[in-house]
Amino acid sequence: MTGETMTGSGSGSEELAERFEKHRGHLRAVAYRMLGSLTEAEDAVQEAWLRLSRTDPDEIQNLGGWLTTVTGRVCLDLLRSRAARREEPVGGTHDTYDAFVPDPVLSPLSHLDPAEEVLQADSVGLALLVVLENLAPDERLAFVLHDMFAVPFDDIAPIVERTPAATRQLASRARRRVRGATPSTEPDLGRQKEVLDAFLAASRAGDFEALLGLLHPDVVLRADSGELVRGAAVSKVVQGAKSVAEQALMFARFARSAELVLVNGTVGMVNAPEGRVRSVMAVTITDGRITGMYILADPERLERLEAPGPTEPDTRR
């Protein structure tokens, strides 16, 4: 966190806006990890700016720290509101929430170079964001701010209205849950690509046995289609290689237009015919087999995503 001070910065909203912009990327990263939603993250950052614009900058000793805690407080309010809504699901079922997949961050696979690979290593995967979604709002705040952004517990405590010691316990409890629930995955992007290439080929060929060979026996598929989609494409959680392979064959027609991309820093797939994103899939891979699949197919949320540029040419068609 930056130690930039505002004391003596003078007046002028333009100068204040310039100082704020230097922190926007960091604040967006904090909010995205807190909320798992790109749109809500942008809203939270904008709210932080509005609160800054209504504050005397001469009273702020550390702008970066102040903005981070304000953004955290805004996100905490959003998480608490979200948790309250989930207590009374509109459809009378929690299935949609069980299958929730956070907003993905897409980038072209062909653009990866050694310099960018360092940045990708700092990405937060969808699998981890799914686990964070199951934390209590206060736990998530303490874990994200402390473990991911090194914010001191003394600064986090006032946000959650607890003592620093109690806040430390919140983060510790969250850390145990995260470590116990986050699946490990193959770190090598080249090996990830090999598995996804094979999965695409098997899907396009309708090769059930090949699909089974690429899936871990206990693979879990989460497909988030939103609350309005019904029928075979409804939001669901499916477990087991046979059941997941059957799902892959059921939607094999989409594999024909799928391309490999980077999804939150790991190799995944996007189905974007004519540049319009129809679905995004991220995976976790262990020992050459897919252990987890995370598919976002919610039309409303996908409408806000831009398809990444062209990836490597596909010569298999």
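Two strands pair if DSSP finds at least two bridges between them. Helices and strands are DSSP runs numbered from the N terminus (helices H or I, at least four residues; strands E, at least two). This is a predicted model: local features need pLDDT of at least 70, side-chain atom pairs count only at pLDDT 80 or more, and totals for chains, interfaces and linings use all residues. Residues are numbered from 1 along each chain as its sequence is written, and side-chain values use heavy atoms, with hydrogens and water left out.

**View 1. The whole chain has 14 helices and seven strands.**
Of the 317 residues in the protein chain, 47% are buried (under 20% relative accessible area; exposed is over 50%, partly exposed in between; 1.4 Å probe, protein chains only). Take the contacts (heavy atoms within 4.5 Å) with a separation of 6 or more: residues 24 or more positions apart account for 67% of them.

**View 2. Seven strands form an open, mixed sheet.**
The strand order is 1-4-5-6-7-2-3. Strand 1 (106-108) and strand 3 (236-239) are the edge strands, and each pairs on one side only. From one strand to the next, the twist averages 30 degrees (axes are lines fitted to C-alpha atoms, for helices over the stretch in contact; angles run from 0 to 180 degrees between N-to-C directions).

**View 3. Strand 6 and strand 7 meet in a hairpin.**
Two residues lie between the strands, and Asp287 in the turn has a positive phi of about 50 degrees. Strand 6 and strand 7 run antiparallel and are joined by seven bridges. One pairing to look for is Met281 with its bridge partner Ile295 in strand 7. Six of the eight residues of strand 7 are buried, so the strand is largely enclosed by the rest of the structure.

**View 4. Strand 2 runs parallel to strand 7.**
Six bridges link strand 2 (residues 215-224) with strand 7 (residues 289-296). Val220 has Gly292 as its bridge partner in strand 7. Ala223 is bridged to Ile295 of strand 7. Helix 6 (residues 126-133) packs on the sheet here, touching strand 2, strand 4 (258-263), strand 6 (279-286) and strand 7. The direction of helix 6 makes about 70 degrees with that of strand 7.

**View 5. Helix 10 lies across five named strands: strand 2, strand 4, strand 5 (266-271), strand 6 and strand 7.**
Helix 10 runs at about 30 degrees to strand 5. The helix covers residues 189-205, 17 residues in all. Its first and last C-alpha atoms are 24 Å apart, close to the 24 Å expected at 1.5 Å a residue (1.5 Å times one less than the number of residues).

**View 6. Helix 10 has a buried side and an exposed side.**
Leu189, Gln192, Val195, Leu196, Phe199, Leu200, Ala202 and Ser203 are its buried residues. Down the helix axis they fall within an arc of 165 degrees (directions from the axis to the C-beta atoms), so they line one face of helix 10. An α-helix has 3.6 residues a turn, so residues three or four places apart point the same way. The face turned away from the buried side carries exposed Arg191, Glu194 and Ala205.

**View 7. Asp188 and Gly206 mark the two ends of helix 10.**
At the start, a side-chain oxygen of Asp188 comes within 3.0 Å of the backbone nitrogen of Gly190. After the helix comes Gly206, with a positive phi near 70 degrees.

**View 8. Asp103 sits in the loop between helix 4 (95-98) and strand 1.**
Asp103 counts as buried, at 5% relative accessibility. Its side chain makes a 2.7 Å polar contact with the side chain of Arg301 (N or O atoms within 3.5 Å; within protein, one able to donate a hydrogen and the other to accept it; sequence-adjacent residues count only if both atoms are side-chain atoms). The Asp103 side chain also reaches the backbone nitrogen of Leu38, at 2.9 Å. Beyond four places in sequence, Asp103 contacts several residues, including Tyr32, Gly36, Thr39, Leu126, Asn264 and Leu296.

**View 9. Ser37 lies in the loop between helix 1 (13-35) and helix 2 (38-53).**
Ser37 counts as buried, at 11% relative accessibility. Its side chain reaches the backbone nitrogen of Glu40 at 3.1 Å. Setting aside residues up to four places away in sequence, Ser37 touches Tyr32 and Asp103.

**View 10. Leu63 belongs to helix 3 (residues 63-86).**
Leu63 is buried, with a relative accessible area of 0%. His23 is 40 residues away along the chain, yet the two C-alpha atoms are separated by 8.8 Å.
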